[in-house]
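Here is a short report on selected local features of one model. Read it with the structure open.

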Amino acid sequence: NWARENPIGTGPFIFKSHQRGTRVIFEKNENYWEPGRPYLDGVEFIIIADQTVRNLAFKRGDIHEFTAAGLDAQELVQLGFPAYRRTGGTFVLVPDSANDDSPFSNLKVRQAVSYAIDRESLATNLGFGFARPAYQIFPSFAEIPDLEKTMYDPDKARQLLAEAGYPEGFQTDIHSQGYAVPANYVTAIAAMLTEVGIVTTPNFPESGKYSEYRFGSWHNALLAQGLGNFDNLNSLWGFYFGTTAFKSRENPERFVAASEASLASPEVDLDLVKACIKIIAEELMVIPYLEETVMIFQSPGAHNAGLDVATQVQFWSHIAWLEPEAR
């Protein structure tokens, strides 16, 4: 707990303060190794879980850089804000499959969830041109063409629930990573699951509470999580599929072996990465539903050279700068 509030390092900024679920503030490291940098006197990361409030804060000028998708992105493009377009990560549901008494420990239940989701409808009606259906994680970076897809089939979902021992369905929750996952995606998926008998309540906890689920545990529920993309896809195995996060999700032995083999490769081997992704899809360790096109918007006068990188969405704080009118 002490280390959580007292981080150290050699980076361009030094930790100043943290308001749980609200903001994290950094100040310039006057002893930074590279003379003349960073350019900024400080950096403040503001946490706003509600996407509507987040959008308004950006338009008011309270935020210099803002990531948006869907209808918000469409509106900001039309308003003419400077923007960068990236293929983003994958939105997934994370089941508590490691809990033996949870319905989601049964593969057929996880398959039922996948068959109950109308991905095409989500992309068309809620993506607003900034999303596409996803049947695996990171299809734009490591697509597996012969992967069997669980296309929308509510009757198949009901059949699988009955085979799993839940002919009348059951009740559950979706706890959403509100600052990353659009609320309307979660609400729509909850309605789709309810339609096949998995009566689902969408919940939107504050950031700190969601972190308790992600890095602690949760029971008889799904987490609505966004998986960010990495230039090095091997980073996935430690960041999202390691031992420090999502402890209520089961990591099958064959996945552990495959991910260790991928990490042991001297260079990133796309075939080994795909082998891991295929196991994730077959076991439905997470249940993907959309891959999003990310739009990173900046207020006039704000500059972040990291957005010129071709793939990864980065904030290069050491060379970010503001024109006088944006300060």
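His175 sits in strand S7, which spans residues 170–176. The model is predicted, and what follows should be read in that light. Is His175 buried or exposed? Its relative accessible area is 10%, so His175 counts as buried, the cut-off for that class being under 20%. The His175 side chain makes a polar contact with the side chain of Asn203, at 3.4 Å. Asn203 also appears among the contacts of His175 beyond four places in sequence. That list continues with Pro205, Tyr210 and Tyr213. It ends with a run of four: Ala221, Leu222, Leu223 and Ala224.

**Strand S9**

Those four residues belong to strand S9, residues 221–227. How many residues of S9 are buried? Seven of the seven are, so the strand is largely enclosed by the rest of the structure. Both faces are covered. One side carries Ala221, Leu223, Gln225 and Leu227. The other carries Leu222, Ala224 and Gly226.

S9 has pairing partners in S5 and S7. With S5 (residues 83–95), the pairing is antiparallel and runs over six bridges. There, Leu93 stands opposite Ala224 of S9. With S7, the pairing is parallel and runs over four bridges. Asp173 has Ala221 of S9 as its bridge partner. Ala221 is also in contact with His175.

**Helix H12**

Helix H12 covers residues 270–283, 14 residues in total. From first C-alpha to last it reaches 20 Å, close to the 20 Å expected at 1.5 Å a residue. At the N-terminal end, Asp269 acts as a cap. A side-chain oxygen of Asp269 lies 2.9 Å from the backbone nitrogen of Asp271. Just after the helix, Leu284 takes a positive phi of about 50°.

Which residues of H12 are buried? They are Val273, Cys276, Ile277, Ile279, Ile280 and Ala281. These buried residues pack against three helices: H6 (139–142), H10 (235–239) and H11 (253–264).

Helix H11 includes Ala264. Ala264 is exposed, with a relative accessible area of 61%. The C-alpha atoms of Ala264 and Asn234 are 9.8 Å apart in space, while the two residues are 30 apart in sequence.

**Salt bridges**

Side chains of opposite charge can pair when their charged atoms come close. Here the count comes to twelve salt bridges, taking a cut-off of 4 Å between nitrogen and carboxyl oxygen. Three of them are tabulated below, with N to O distances.

| Acidic residue | Basic residue | Distance |
|---|---|---|
| Glu44 | Arg23 | 2.2 Å |
| Glu291 | Arg132 | 3.0 Å |
| Glu282 | Arg254 | 2.9 Å |

Take the pair of Glu44 and Arg23, with closest N and O atoms 2.2 Å apart. Glu44 lies in strand S3 (residues 42–46) and Arg23 in strand S2 (residues 23–28), so the salt bridge ties together parts that are 21 residues apart in sequence. Both partners are partly exposed: Glu44 has a relative accessible area of 38%, and Arg23 stands at 24%.

Next come Glu291 and Arg132, whose side chains meet at 3.0 Å, N to O. This pair links distant parts of the chain, 159 residues apart. Glu291 is in strand S10 (residues 287–298), and Arg132 is in strand S6 (residues 131–133). Which class does each partner fall into? Glu291 has 3% relative accessibility and therefore counts as buried. Arg132, at 35%, counts as partly exposed.

The salt bridge of Glu282 with Arg254 has its closest N and O atoms 2.9 Å apart. Glu282 belongs to helix H12 and Arg254 to helix H11, so the pair ties together parts that are 28 residues apart in sequence. H11 is also one of the helices against which the buried residues of H12 pack. Glu282 is partly exposed, at a relative accessible area of 35%. Arg254 is partly exposed too, at 39%.

Finally, a network of salt bridges links Arg20, Lys209 and Glu212.

Notes. Residues numbered from 1 in each chain as written. Predicted model: local features only at pLDDT ≥ 70, side-chain atom pairs only at ≥ 80, totals over all residues. Heavy atoms only, no water. Helix = DSSP H or I, 4+ residues; strand = E, 2+ residues; numbered from the N terminus. Buried < 20%, exposed > 50% of the residue type's maximum accessible area, 1.4 Å probe, protein only. Polar contact = N/O pair within 3.5 Å; in protein donor to acceptor, adjacent residues only side chain to side chain. Contact = heavy atoms within 4.5 Å. Expected span 1.5 Å × (residues − 1). Pairing = 2+ DSSP bridges.
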